[in-house]
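Let's go through this one by question and answer. Have a look at the model first, then read on.

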Amino acid sequence: MRCPYCGGLDTQVKDSRPSDDSSAIRRRRTCSDCGGRFTTFERVQLRELIVVKRSGRKVPFDRDKLQRSVETALRKRPVEPERIERLVSGITRRLESTGEAEVTSEAIGEAVMEGLKGLDDVAYVRFASVYKNFREARDFEELLGHLAAGAAQAAADESPPADPPPPIDLAPPARRPRSRAS
(Lines give C-alpha, C1' and ligand atoms only; values in the text may rest on other atoms or scores of the structure.)
Protein backbone atom coordinates (compact mmCIF):
# COMPACT_ATOMS: atom_id res chain seq x y z
CA MET A 1 0.00 0.00 0.00
CA ARG A 2 1.45 3.35 -1.03
CA CYS A 3 1.94 5.94 1.75
CA PRO A 4 -0.36 8.94 1.23
CA TYR A 5 2.26 11.28 2.74
CA CYS A 6 5.54 10.41 1.01
CA GLY A 7 4.49 7.90 -1.65
CA GLY A 8 6.69 5.18 -0.19
CA LEU A 9 5.76 1.58 -0.92
CA ASP A 10 7.08 0.08 2.32
CA THR A 11 4.12 0.27 4.73
CA GLN A 12 3.33 -2.12 7.55
CA VAL A 13 -0.01 -3.14 9.05
CA LYS A 14 0.01 -2.41 12.79
CA ASP A 15 -3.61 -3.30 13.63
CA SER A 16 -6.53 -5.00 11.83
CA ARG A 17 -10.12 -5.30 12.97
CA PRO A 18 -13.57 -5.55 11.41
CA SER A 19 -15.54 -2.34 10.89
CA ASP A 20 -18.62 -1.66 13.02
CA ASP A 21 -20.99 -3.42 10.63
CA SER A 22 -18.44 -6.12 9.68
CA SER A 23 -18.64 -5.16 6.00
CA ALA A 24 -14.97 -4.16 5.87
CA ILE A 25 -11.61 -4.73 7.53
CA ARG A 26 -10.05 -1.61 9.06
CA ARG A 27 -6.25 -1.58 8.96
CA ARG A 28 -3.94 0.88 10.73
CA ARG A 29 -0.71 1.23 8.76
CA THR A 30 2.68 2.86 9.32
CA CYS A 31 5.11 4.01 6.64
CA SER A 32 8.69 2.77 7.17
CA ASP A 33 10.11 5.70 5.18
CA CYS A 34 8.45 8.74 6.80
CA GLY A 35 6.76 7.25 9.89
CA GLY A 36 3.33 8.45 8.77
CA ARG A 37 0.27 6.61 10.10
CA PHE A 38 -2.93 6.10 8.15
CA THR A 39 -6.00 3.86 7.97
CA THR A 40 -7.20 1.74 5.07
CA PHE A 41 -10.39 -0.26 4.60
CA GLU A 42 -10.64 -3.55 2.76
CA ARG A 43 -14.08 -4.51 1.38
CA VAL A 44 -15.41 -7.48 -0.51
CA GLN A 45 -16.11 -6.69 -4.15
CA LEU A 46 -18.26 -9.28 -5.86
CA ARG A 47 -17.70 -7.92 -9.37
CA GLU A 48 -16.54 -4.90 -11.27
CA LEU A 49 -19.56 -2.74 -12.02
CA ILE A 50 -19.87 -0.33 -14.91
CA VAL A 51 -22.30 2.57 -14.58
CA VAL A 52 -24.18 3.54 -17.72
CA LYS A 53 -24.89 7.28 -17.52
CA ARG A 54 -27.97 8.97 -19.02
CA SER A 55 -25.79 10.19 -21.88
CA GLY A 56 -24.78 6.61 -22.67
CA ARG A 57 -21.23 7.11 -21.38
CA LYS A 58 -19.85 4.23 -19.28
CA VAL A 59 -17.73 4.73 -16.17
CA PRO A 60 -16.52 2.37 -13.42
CA PHE A 61 -18.73 2.23 -10.32
CA ASP A 62 -17.24 4.33 -7.50
CA ARG A 63 -18.44 3.42 -4.01
CA ASP A 64 -16.83 6.55 -2.57
CA LYS A 65 -18.85 8.73 -4.96
CA LEU A 66 -22.03 7.00 -3.79
CA GLN A 67 -21.00 7.58 -0.17
CA ARG A 68 -20.30 11.29 -0.82
CA SER A 69 -23.70 11.73 -2.49
CA VAL A 70 -25.52 10.17 0.45
CA GLU A 71 -23.47 12.18 2.97
CA THR A 72 -24.19 15.41 1.05
CA ALA A 73 -27.93 14.73 1.21
CA LEU A 74 -27.63 13.97 4.93
CA ARG A 75 -25.42 16.97 5.77
CA LYS A 76 -26.41 18.51 9.13
CA ARG A 77 -29.09 15.85 9.68
CA PRO A 78 -29.24 13.79 12.89
CA VAL A 79 -28.26 10.45 11.33
CA GLU A 80 -25.49 8.30 12.80
CA PRO A 81 -22.51 7.52 10.53
CA GLU A 82 -23.07 3.78 11.09
CA ARG A 83 -26.53 4.03 9.48
CA ILE A 84 -25.05 5.88 6.50
CA GLU A 85 -22.40 3.16 6.11
CA ARG A 86 -25.06 0.43 6.30
CA LEU A 87 -27.14 2.21 3.64
CA VAL A 88 -24.20 2.59 1.25
CA SER A 89 -23.02 -1.00 1.85
CA GLY A 90 -26.54 -2.32 1.30
CA ILE A 91 -26.95 -0.43 -1.99
CA THR A 92 -23.52 -1.61 -3.17
CA ARG A 93 -24.24 -5.24 -2.28
CA ARG A 94 -27.62 -5.10 -4.00
CA LEU A 95 -26.05 -3.69 -7.18
CA GLU A 96 -23.25 -6.26 -7.18
CA SER A 97 -25.58 -9.18 -6.55
CA THR A 98 -27.86 -8.46 -9.53
CA GLY A 99 -25.60 -10.54 -11.76
CA GLU A 100 -25.28 -7.73 -14.30
CA ALA A 101 -21.91 -6.18 -15.13
CA GLU A 102 -23.56 -2.88 -16.10
CA VAL A 103 -25.98 -0.85 -14.01
CA THR A 104 -27.75 2.34 -15.01
CA SER A 105 -27.28 5.57 -13.10
CA GLU A 106 -31.10 5.67 -12.81
CA ALA A 107 -31.08 2.35 -10.92
CA ILE A 108 -28.47 3.71 -8.52
CA GLY A 109 -30.42 6.95 -8.03
CA GLU A 110 -33.67 5.07 -7.34
CA ALA A 111 -31.88 2.81 -4.83
CA VAL A 112 -30.47 5.85 -3.02
CA MET A 113 -33.87 7.56 -2.98
CA GLU A 114 -35.49 4.42 -1.57
CA GLY A 115 -32.85 4.17 1.16
CA LEU A 116 -33.00 7.86 2.07
CA LYS A 117 -36.80 7.78 2.21
CA GLY A 118 -36.57 5.28 5.04
CA LEU A 119 -33.70 7.10 6.72
CA ASP A 120 -34.51 10.83 6.66
CA ASP A 121 -37.28 12.74 4.84
CA VAL A 122 -35.27 15.96 4.47
CA ALA A 123 -32.32 14.12 2.92
CA TYR A 124 -34.75 12.31 0.62
CA VAL A 125 -36.15 15.63 -0.65
CA ARG A 126 -32.64 17.11 -1.02
CA PHE A 127 -31.41 14.15 -3.06
CA ALA A 128 -34.59 13.98 -5.14
CA SER A 129 -34.38 17.68 -6.01
CA VAL A 130 -30.94 17.18 -7.56
CA TYR A 131 -31.53 13.69 -8.98
CA LYS A 132 -34.84 14.59 -10.62
CA ASN A 133 -33.53 18.03 -11.63
CA PHE A 134 -36.30 20.10 -10.03
CA ARG A 135 -36.83 23.40 -11.82
CA GLU A 136 -39.90 24.86 -10.09
CA ALA A 137 -41.45 24.99 -6.64
CA ARG A 138 -44.30 22.89 -8.03
CA ASP A 139 -41.86 19.96 -8.36
CA PHE A 140 -41.20 20.15 -4.61
CA GLU A 141 -44.92 20.39 -3.87
CA GLU A 142 -45.61 17.21 -5.84
CA LEU A 143 -42.82 15.29 -4.12
CA LEU A 144 -43.89 16.48 -0.68
CA GLY A 145 -47.49 15.54 -1.47
CA HIS A 146 -46.40 11.99 -2.35
CA LEU A 147 -44.23 11.85 0.76
CA ALA A 148 -47.08 13.04 3.03
CA ALA A 149 -49.54 10.59 1.44
CA GLY A 150 -47.07 7.74 1.93
CA ALA A 151 -46.48 8.70 5.56
CA ALA A 152 -50.23 8.89 6.24
CA GLN A 153 -50.75 5.47 4.64
CA ALA A 154 -47.87 3.98 6.62
CA ALA A 155 -49.26 5.41 9.87
CA ALA A 156 -52.69 3.98 9.09
CA ASP A 157 -51.17 0.57 8.29
CA GLU A 158 -49.08 0.50 11.47
CA SER A 159 -51.65 1.80 13.95
CA PRO A 160 -52.99 -0.99 16.12
CA PRO A 161 -56.72 -1.64 15.98
CA ALA A 162 -58.64 0.46 18.46
CA ASP A 163 -59.51 -1.35 21.66
CA PRO A 164 -63.21 -1.90 22.03
CA PRO A 165 -64.78 0.33 24.67
CA PRO A 166 -65.29 -1.28 28.07
CA PRO A 167 -68.72 -2.83 28.51
CA ILE A 168 -71.28 -0.58 30.09
CA ASP A 169 -72.70 -1.92 33.34
CA LEU A 170 -76.45 -1.38 33.24
CA ALA A 171 -77.16 -2.94 36.64
CA PRO A 172 -78.22 -0.45 39.32
CA PRO A 173 -75.58 0.27 41.92
CA ALA A 174 -75.70 -2.02 44.93
CA ARG A 175 -77.13 -0.46 48.03
CA ARG A 176 -75.15 -0.46 51.17
CA PRO A 177 -77.02 -1.03 54.37
CA ARG A 178 -77.24 2.05 56.54
CA SER A 179 -75.83 1.94 59.96
CA ARG A 180 -78.06 3.33 62.64
CA ALA A 181 -76.63 5.42 65.34
CA SER A 182 -78.02 4.43 68.71
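Two strands pair if DSSP finds at least two bridges between them. Helices (H or I, at least four residues) and strands (E, at least two) are DSSP runs, numbered from the N terminus. This is a predicted model, where local features need pLDDT of at least 70, side-chain atom pairs count only at pLDDT 80 or more, and totals for chains, interfaces and linings use all residues. Residues are numbered from 1 along each chain as its sequence is written, and side-chain values use heavy atoms, with hydrogens and water left out.

Q: Which residue in strand 3 is the bridge partner of Ile 25?
A: Strand 2 (residues 24-31) and strand 3 (residues 37-43) run antiparallel and pair over seven bridges. Within that pairing, the residue in strand 3 that partners Ile 25 is Glu 42.

Q: Which residue in the turn of the hairpin formed by strand 2 and strand 3 has a positive phi?
A: Five residues sit between strand 2 and strand 3 in this hairpin. One residue in the turn has a phi of about 80°, and that's Gly 35.

Q: Which strands stand at the edges of the open sheet?
A: The sheet is built from three strands in the order 1-2-3, with antiparallel pairing. Strand 1 (11-18) and strand 3 each have a single partner strand, so one side of each is left without a neighbour in the sheet. The edge strands are therefore strand 1 and strand 3.

Q: What stands opposite Asp 15 in strand 2?
A: Strand 1 and strand 2 are also an antiparallel pair, held over seven bridges. Opposite Asp 15, in strand 2, you'll find Arg 28.

Q: How many salt bridges does the count come to?
A: The rule here asks for a side-chain nitrogen of Lys or Arg within 4 Å of a carboxyl oxygen of Asp or Glu. Arg 54 and Glu 106 make one such pair, at 3.3 Å from N to O. By this rule the total is seven.

Q: How far apart in sequence are the parts that Lys 58 and Glu 102 tie together?
A: These two form a salt bridge, with their closest N and O atoms 2.7 Å apart. Lys 58 belongs to strand 5 and Glu 102 to strand 6 (residues 102-104), so the pair links parts separated in sequence by 44 residues.

Q: Is Asp 120 buried or exposed?
A: Asp 120 is in a salt bridge with Arg 77, the closest N and O atoms being 3.0 Å apart. On the scale used, buried means under 20% relative accessible area, exposed over 50%, and partly exposed in between (1.4 Å probe, protein chains only). Arg 77 is partly exposed at 29%. Asp 120 has a relative accessibility of 8%, so it counts as buried.

Q: Which helices each supply at least two residues of the largest nonpolar core?
A: A nonpolar core here is a set of buried Ala, Val, Leu, Ile, Met, Phe, Trp, Tyr and Cys residues joined through side-chain atoms within 4.5 Å. The largest one has 29 residues, of which Leu 66, Val 70, Leu 74, Ile 108, Val 112 and Leu 116 touch the most other members. The helices that each give at least two residues are helix 1, helix 2, helix 3, helix 4 and helix 5 (137-158).

Q: Which residues does Val 125 touch, not counting residues up to four places away in sequence?
A: Val 125 lies in helix 4 and is buried, at 14% relative accessibility. Contact means heavy atoms within 4.5 Å. With residues up to four places away in sequence left out, Val 125 touches Phe 140, Leu 143, Leu 144 and Leu 147.

Q: How many disulfides does a search of the whole structure find?
A: A disulfide is a pair of cysteine sulfur atoms within 2.5 Å. The sulfur of Cys 3 has its closest cysteine sulfur in Cys 34, at 3.8 Å, which is too far for a bond. Cys 34 is in no disulfide either, as the nearest cysteine sulfur, that of Cys 6, is 3.7 Å away. The number found is zero.
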